[in-house]
Amino acid sequence: MKIEERKVTVREVTEGYFNDAEEGVVGYDGRLDIRPKYQREFVYKDAQRNEVIRTVMKELPLNVMYWVDRGEEYEDDPDEPRYEVLDGQQRTLSLCEYVDGSFSVDDKYFNNLPSDQQAKFLDYELFVYVCNGTDSEKLDWFRIINIAGEELTDQELRNAVYAGNWTSDAKRYFSKTGCAADTLAGDYLRGASIRQEYLETAIFWAASAEGKTIEAYMAEHQNDPSAVQLWNYFRSVIDWVQAIFPKKRKEMKGLPWGLFYNQHGKRTDLDPKKLEMEIQRLMSDEDVTKKSGIYEYLLTGEEKKLSIRAFDRRDALAAYEKQGHKCAICGEEFEFEQMHADHITPWSKGGKTTPDNCQMLCRDCNLKKGAQ
Ligand SMILES: [Zn+2]
């Protein structure tokens with residue numbers, strides 16, 4: 001990891017300043033992504049913003065800022081690399097917005113200042129660390145400085161480390177408000193596109209299909225010209241969900257559909273009509289306490305996904321007394337706390353969580369019964 005100290009004047013950093021809610025914020029003559037495209041905006045309080053301006057006016061030092069060298073050349077000029085602000089986004093934005101005339105501090109806009117004060121403001125030097133290194137070095141280091149910084153999400157950090165055509169294109173599909181992924185699959189995804197949660201989910205699914213981590217997947221594709229491959233994969237996942245479970249329900253939101261698709265996408269035995277009847281039955285079964293688990297249960301048969309209702313203490317105590325403190329299978333006596341309340345007829349065979357279907361078993365008998 002190479003970290004270079006650099007002095008950058010406010011004049012330099014505000015040159016070519018451009019701010020668009022979706023398109024991002026750029027400065028430093030177009031070479032610095034102050035806020036990259038499709039990244040959420042941080043909310044900075046007016047008081048904090050004004051304090052930054054007063055600090056510069058008084059020529060007091062601001063905390064050091066961190067830029068990352070994106071490893072791309074600007075308009076093919078190797079002497080003009082591109083940078084991204086990793087820490088110091090709000091301070092940089094405050095300075096740019098003030099010089100741009102967007103707000104006043106102590107009743108003065110920038111253009112109300114006498115020209116010598118304006119010049120002094122523009123000549124103020126920001127202290128910047130520019131860092132360059134391998135992707136994993138950058139990611140480790142970003143995580144450390146982010147602790148005190150503006151709380152970037154993991155995926156925002158990854159986007160900074162693996163910046164390039166592929167990441168930019170992937171963000172176009174997944175990271176914009178009203179983006180293609182939002183329109184297609186917003187009902188199935190948790191989180192917000194602008195916070196990179198959709199992108200993170202999509203990459204996680206695609207990477208899992210190949211047994212890789214998100215970082216390994218991004219490193220492998222970083223220099224691809226486009227992210228159309230990821231988009232096609234994601235569409236296949238959603239197409240499959242809509243074909244197998246055509247009726248949309250709120251319980252479907254946020255489930256790991258890509259992981260289900262990776263495991264079950266090629267099965268030919270899944271009948272959407274039968275599955276829908278099962279979903280209706282399970283949705284209305286009071287013993288199924290985790291309704292969102294129904295989908296995975298239907299794919300895998302794992303009953304634990306449904307969190308079948310357990311007997312309450314009152315029903316268990318009643319059965320314990322009725323059995324004379326004896327295990328219903330081995331007949332030995334146990335303390336109440338050493339026993340388990342068991343469904344006589346298992347839930348999977350139609351047994352309900354009602355007092356007449358409750359029996360107390362010792363630990364060993366319960367385990368043996370469960371293993372059958
Ligand atoms: Zn027993």
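Helices here are DSSP runs of H or I with at least four residues, numbered from the N terminus. With that in hand, let's work through some exercises on this predicted model.

**Exercise 1. Find the helix that holds arginine 91, and decide whether this residue is buried or exposed.**

Step 1: Look up the element. Arginine 91 belongs to helix 3, which runs over residues 89–99.
Step 2: Check the accessibility. Buried means under 20% relative accessible area. Arginine 91 has 13%, so this residue is buried.
Step 3: List the neighbours. Leaving out residues up to four places away in sequence, arginine 91 touches Tyr44, Val52, Asn63, Val64 and Met65.

**Exercise 2. Name the buried residues of helix 4 and work out how they are arranged around the axis.**

Step 1: Helix 4 covers residues 115–123, and its buried residues are Gln118, Phe121 and Leu122.
Step 2: Around the axis, these residues take up an arc of only 95 degrees, so they sit on the same side of helix 4.
Step 3: Now ask what covers them. The cover includes strand 1 (2–9), helix 1 (10–14), helix 2 (46–57) and helix 3 (89–99).

**Exercise 3. Describe the largest nonpolar core and find the helix that gives the most to it.**

Step 1: This core has 62 residues. Those touching the most other members are Phe142, Phe174, Leu230, Phe234, Phe245 and Trp257.
Step 2: Helix 11, residues 228–244, is the top contributor, giving 9 residues to this core.
Step 3: Zoom in on one member. Not counting residues up to four places away in sequence, phenylalanine 142 is in contact with Val68, Leu86, Cys131, Leu157, Ala160 and Val161.
Step 4: Another core lies apart from the largest one; this second core has 30 residues, among them Tyr17, Tyr28, Phe110 and Val130.
Step 5: Add some background. In soluble globular proteins, nonpolar side chains tend to be buried together.

**Exercise 4. Test whether the span of helix 11 agrees with what its number of residues predicts, and list its buried residues.**

Step 1: The expected span is 1.5 Å times one less than the number of residues.
Step 2: Helix 11 has 17 residues, so its span should be 24 Å.
Step 3: Its end C-alpha atoms are 24 Å apart, which agrees with the expected value.
Step 4: The buried residues of helix 11 are Leu230, Trp231, Tyr233, Phe234, Val237, Ile238, Trp240, Val241 and Ile244.

**Exercise 5. Find the buried face of helix 12 and what covers it.**

Step 1: In helix 12 (residues 257–264), Trp257, Gly258, Phe260 and His264 are buried.
Step 2: Viewed down the axis, they fall within an arc of 160 degrees, so they line one face of helix 12.
Step 3: Their cover includes helix 9 (197–209), helix 11 and helix 14 (294–300).
Step 4: Follow helix 14 a little further. Threonine 300 is found in this helix, and its relative accessible area of 30% makes threonine 300 partly exposed.
Step 5: Threonine 300 and phenylalanine 260 are 40 residues apart in sequence, while their C-alpha atoms are 9.4 Å apart in space.

**Exercise 6. Identify the protein donors of the zinc ion and work out the geometry of the site.**

Step 1: The donors are the SG atoms of Cys327, Cys330, Cys362 and Cys365, at 2.3 to 2.4 Å from the zinc ion.
Step 2: Along the chain, these donors follow the spacing C-x2-C-x31-C-x2-C.
Step 3: Four donors count as tetrahedral if all angles lie between 85 and 135 degrees. The angles among the 4 donor atoms here are 97 to 117 degrees, and the site is tetrahedral.
Step 4: Check two of the cysteines. Cysteine 362 is buried because its relative accessibility is 4%, and cysteine 365 is buried with 8%.

**Exercise 7. Describe the surroundings of tyrosine 320.**

Step 1: Tyrosine 320 lies in helix 15, residues 313–322, and counts as buried at 7% relative accessibility.
Step 2: Setting aside residues up to four places away in sequence, tyrosine 320 touches His325, Phe334, Glu335, Phe336, Met339 and Met360.
Step 3: Tyrosine 320 and cysteine 358 are 38 residues apart in sequence and 9.5 Å apart in space, C-alpha to C-alpha.

Note on methods
Residues numbered from 1 in each chain as written. Predicted model: local features only at pLDDT ≥ 70, side-chain atom pairs only at ≥ 80, totals over all residues. Heavy atoms only, no water. Core = buried A, V, L, I, M, F, W, Y, C linked by side-chain atoms within 4.5 Å. Buried < 20%, exposed > 50% of the residue type's maximum accessible area, 1.4 Å probe, protein only. Helix = DSSP H or I, 4+ residues; strand = E, 2+ residues; numbered from the N terminus. Contact = heavy atoms within 4.5 Å. Arc of directions from axis to C-beta. Donors = N, O, S within 2.8 Å, 3.2 Å for Na, K, Ca; no water. Tetrahedral: all angles 85-135°; square planar, octahedral: opposite > 155°, others 65-115°.
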